[in-house]
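Me: Walk me slowly through the salt bridges in this one, please. Once that part is clear, carry on into whatever else is worth a look.

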Amino acid sequence: MKFKLSKEALENILTYSISGICIVFCYFILKNFDGIKTTFVNFLNIIMPFVFGMCIAFIVLPVVKNIEGVLLKNSRLKNKTKRVIAVSGGILFLILVVASFFAILIPQLYSSVNTLIGLLPGYLESAKNLTLDFLVGSTQFNQIFDKIIEYGNVLLTTLLTNASTFLPSLLNYSYSFIITIGNMLIGLIIAVYMLLDKERFTLQVKKVMYSILPKSFGDKLGYVGDLTARMFNQFIFGKALDSLIIGVICFIVLQIANFPYALLISFIVGLTNMIPVFGPFIGAIPSIFILLIIDPIKAAWFALFILILQQIDGNIIGPSILGDSMGLPSLWIMFSIIVGGGLFGIVGMFIGVPVFSVIYILSKSLVDKILIKKGLEIK
């Protein structure tokens with residue numbers, strides 16, 4: 001007697017098998033997460049120049065397209081010459097932006113640090129006098145003061161004992177900084193090559209992809225690649241415009257209110273605003289500290305202003321620029337920022353939203369297709 005499974009039984013077996021494989025795979029990932037992460041980080045360090053190159057090319061590409069497709073569209077120059085001019089213009093634009101960033105930041109930061117160093121002794125003296133006014137006459141004052149002195153001596157002894165370990169750490173960070181600068185310079189060269197010959201590069205990737213994978217899977221992978229590029233493009237340039245507007249608003253308000261270091265503080269607020277949700281508060285912390293040293297009252301007013309500005313950005317400016325282009329509900333935005341930040345720090349908080357947007361859109365599309373295939377409508 002020939003045994004034949006029903007269509008429903010086959011679907012159940014397939015569903016349970018796939019679920020079991022997914023569970024085992026997730027268990028393997030979680031159990032060996034540290035080792036996998038270390039391997040991934042080591043591999044990423046090796047290919048870091050190419051990562052920088054692709055990131056630079058991705059950022060500069062819209063500028064190159066505009067120069068080549070708009071400014072030089074009606075020019076009689078050869079296409080190769082147009083491409084060289086467009087790529088040179090895009091790289092020059094990026095260098096000017098980065099140079100302007102440091103030209104604004106470094107002098108302001110230097111001035112702020114000098115002011116902080118100059119005001120710190122007086123600030124500490126005021127804090128000391130205020131403490132003495134409150135505690136003089138208290139029976140517990142001497143005990144508290146002795147404890148502070150004791151802990152101070154322990155801290156100083158510990159710092160002096162471990163001073164020999166600071167130099168290797170400093171050298172290690174210096175070496176890492178030099179390696180990063182070198183990778184960025186090599187990445188800049190790689191980006192130039194990629195932009196000059198982007199059609200051939202794209203064609204080669206497609207040929208390799210379709211030669212290895214079935215056409216249907218290759219088409220899906222191409223769709224995922226286009227979706228990822230679109231999500232990152234919309235997020236990066238949308239958030240950049242949003243952050244620029246926030247920085248300008250902050251600078252205008254601080255200038256009108258006669259706040260010190262308005263340019264530096266606005267720059268910090270605008271830059272950290274690139275991180276969704278938590279960005280304005282991350283930028284507010286060092287800014288409030290700077291103002292606290294100079295004028296505690298203005299620091300309190302600035303904290304209130306940042307809270308209002310964040311609400312305006314989150315409810316008016318941000319949605320007007322980004323809209324629903326990311327396709328990600330607020331709950332999952334918070335989830336992506338927390339998970340991304342927990343895994344990869346500040347960089348993870350920044351890229352978490354576009355990465356999770358791609359995962360969310362693909363998962364939603366897959367679930368909808370399965371429900372349609374089963375003839376189910378979930379409300």
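Reply: One yardstick before we start: buried means under 20% relative accessible area, exposed means over 50%, and partly exposed is whatever falls in between. Keep in mind, too, that this is a predicted model.

By that yardstick Asp197 is partly exposed, because its relative accessibility is 32%. Its side chain meets that of Arg200 in a salt bridge, with 3.3 Å from N to O. Arg200 sits on the other side of the upper cut-off: at 53% it counts as exposed.

Next, Glu199. Its side chain and that of Arg83 meet in a salt bridge, at 2.8 Å from N to O. This pair ties together distant parts of the chain, since Arg83 is in helix H4 (residues 79-135) and Glu199 in helix H7 (residues 198-212), with their positions 116 residues apart. The two ends are covered to unlike degrees: Arg83 counts as buried at 10% relative accessibility, while Glu199 is partly exposed at 42%.

Glu199 has another partner as well: Lys198 forms a salt bridge with it, the closest N and O atoms being 3.2 Å apart. Add Glu68 and you get a network of salt bridges that links Glu68, Arg83, Lys198 and Glu199. The count for the structure comes to five salt bridges. Disulfides, by contrast, number zero. As for cysteines, Cys55 is partly exposed at 41% and Cys250 is buried at 0%.

Now step back for the setting. The chain has 12 helices and zero strands, and of its 379 residues 23% count as buried. Helix H9 (262-272) is mostly covered, with eight of its 11 residues buried; among them are Leu264, Ile265, Ile268 and Val269.

Just before that helix there's a backbone oddity. Most residues other than glycine have a negative phi. Asn258 goes the other way, with a positive phi near 60°. You'll find Asn258 in the loop between helix H8 (215-256) and helix H9, and with a relative accessible area of 59% it is exposed. Also worth a glance is Phe259: the charged end of Lys298 sits over its ring, 5.6 Å from the centre.

That leaves helix H11 (residues 296-322). The one aromatic pair of the structure is Phe302 with Phe305, a tilted arrangement with 6.4 Å centre to centre and 45° between the planes. Because they are three residues apart in helix H11, about one helical turn separates them. Both rings belong to buried residues, Phe302 at 0% and Phe305 at 16%.

Helix H11 has a greasy side to show as well. Phe281, Ile297, Trp301, Leu304, Leu307, Ile308, Ile312 and Ile316 form a nonpolar patch on the surface, with about 780 Å² of accessible area together. Helix H11 gives the most to this patch, with seven residues. Ile312 is one of the patch members, and its place is in that helix. A patch residue needs over 30% relative accessible area, and Ile312 passes that cut-off because its value is 34%, which makes it partly exposed.

Methods: Residues numbered from 1 in each chain as written. Predicted model: local features only at pLDDT ≥ 70, side-chain atom pairs only at ≥ 80, totals over all residues. Heavy atoms only, no water. Patch = residues over 30% accessible without salt bridge, like charges linked within 9 Å, V, L, I, M, F, W, Y side chains within 5 Å. Areas by Shrake-Rupley, 256 points an atom, 1.4 Å probe, with all protein chains shown as cover. Salt bridge = Lys/Arg side-chain N within 4 Å of Asp/Glu carboxyl O. Helix = DSSP H or I, 4+ residues; strand = E, 2+ residues; numbered from the N terminus. Buried < 20%, exposed > 50% of the residue type's maximum accessible area, 1.4 Å probe, protein only. Phe/Tyr/Trp six-rings, centres within 6.5 Å; stacked < 30°, edge-to-face > 60°. Lys NZ or Arg CZ within 6 Å of the ring centre and 35° of its normal. Disulfide = S-S within 2.5 Å.
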